[in-house]
Amino acid sequence: MVLESLGLEKYLEEHMNSTNYLLRVMKYKGPQTSEAKLGLSPHTDKNIVTILNQNQVEGLEILTKNRKWISYKPFQPGTFIALIGDALHAWSNGRLYSPFHRVMMSGNEARYSTALFSIPKGGYLIKTPPEMVDEEHPLLYKPYVHVELLDYCYTPRGQADQFALRTYCGL
C-alpha cells in the first residue's frame, strides 16, 4: 500500500524479496507508582516498518514533528499501529517520517505488546529510487547496507547517537 501510494509499485517485488520478518513479544512491568517512569528510551526503529499491538495498559508515546510527546491510545482492543522505520525513511528520501517513540509506564499493571518488524535481509542495499529525488527533494542519504548501519548502532558512539541514520549515511 505504501509503495502504491508513492506510485512506486514497480519496486514491490524487490521489496518483498529483500525483507525478513521478526515477531517480538514484550512485557513492561508496572512501576508500582502513579508517577510516570521510563519503560523504553526514546528511539526510532532502524527497520522498514513496525506493526504494534498492545494490551489495554497504555504507555506508548510518539514524538510529533512539532517536538511534542503524544500518548497512543488504541481506539478499541485489537487495534494496531504502524510505525515507519529508518530504512523506509531513507528509501523514501525522507518523505515518510520515522518517529521517535518511547514507553512511559505508571501504575501496577504490566504492559504487554507484540511487534512485527519488517527488516531488510542481510547484505541488502537501501537505496533511494531515482523517482524520489528531484529539485524539491534532493538526495538525503547515501545507499547503505542495513546490517552495516546496525553494526554502527551497536558501537559506543552509535548507541549514544540519536540520529544514527543521518550520521552514518546522511549527505
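**A walk from H101 through the pockets and cores**

Let's start at H101, which is buried, with a relative accessible area of 6%. Keep in mind as you look around that this is a predicted model. H101 sits in strand β7, the stretch covering residues 101-107. Why does H101 count as buried? Because its 6% relative accessible area falls under the 20% cut-off.

What does H101 have around it? Setting aside residues up to four places away in sequence, H101 touches S41, P42, H43, T44, D45, L60, E61, I62, W69 and L83. There's also a link to the backbone: the H101 side chain reaches the backbone oxygen of P99 at 3.1 Å.

Two of those neighbours take us to the next stop. H43 and T44 are among the contacts of H101, and H43, T44, D45, K46 and Y154 are the residues that lie nearest the centre of the largest pocket. In total, 34 residues line this pocket, and its volume is about 890 Å³. Which elements give two or more residues to the lining? They are β1 (19-28), β2 (33-43), β3 (49-54), β7, β8 (111-120), α4 (146-153) and α5 (156-159). So strands and helices both show up there, going by that list of elements. Sorted by class, the lining comes out as 17 nonpolar, 11 polar and six charged residues.

Now for the second largest pocket, which holds about 590 Å³ of space. It is lined by 25 residues, with V2, H15, I48, V49 and L88 closest to its centre. The elements giving two or more residues here are α1 (2-5), α2 (12-17), β1, β3, β6 (80-84), α3 (86-91) and β8. Which of them gives the most? That would be α2, with four residues. The class split for this lining is 18 nonpolar, four polar and three charged.

L88, which we just met by the centre of the second largest pocket, also leads into the packing of the protein. The largest nonpolar core has 22 residues, and those touching the most other members are L88, A90, W91, I126, Y144, L149 and L165. Helices α3, α4 and α6 (164-169) each supply at least two residues of this core, and α3 gives the most, with four. Take A90 as a sample: leaving out neighbours within four places in sequence, A90 is in contact with I126, T128, Y141, Y144 and L165. Apart from this core lies another, of 13 residues, including Y28, I81, L83 and F117. L83 is a residue you've seen already, as one of the contacts of H101. As a general backdrop, nonpolar side chains tend to be buried together in soluble globular proteins.

Let's finish with two residues that are partly exposed. Y112 is in strand β8 and has 39% relative accessibility, so it counts as partly exposed. Beyond residues up to four places away in sequence, Y112 touches M26, K27, N53, Q54 and N55. Where is L63 relative to Y112? The two are 49 residues apart along the chain, and their C-alpha atoms are separated by 21 Å.

T64, at 22% relative accessibility, is partly exposed too. T64 is placed in the loop between β4 (60-63) and β5 (69-71), and it touches I70 and Y97, again not counting residues up to four places away. From T64 to F75 is 11 residues along the chain, with 19 Å between the C-alpha atoms.

Key:
Residues numbered from 1 in each chain as written. Predicted model: local features only at pLDDT ≥ 70, side-chain atom pairs only at ≥ 80, totals over all residues. Heavy atoms only, no water. Buried < 20%, exposed > 50% of the residue type's maximum accessible area, 1.4 Å probe, protein only. Polar contact = N/O pair within 3.5 Å; in protein donor to acceptor, adjacent residues only side chain to side chain. Contact = heavy atoms within 4.5 Å. 1 Å grid on protein atoms, 1.4 Å probe; cavity = no way out; pocket = protein on both sides within 12 Å on 5 of 7 lines; lining within 4 Å. Points joined across faces, edges and corners; volume = space filled by probe spheres on them. Nonpolar A, V, L, I, M, F, W, Y, C, P; charged D, E, K, R; others polar. Core = buried A, V, L, I, M, F, W, Y, C linked by side-chain atoms within 4.5 Å.
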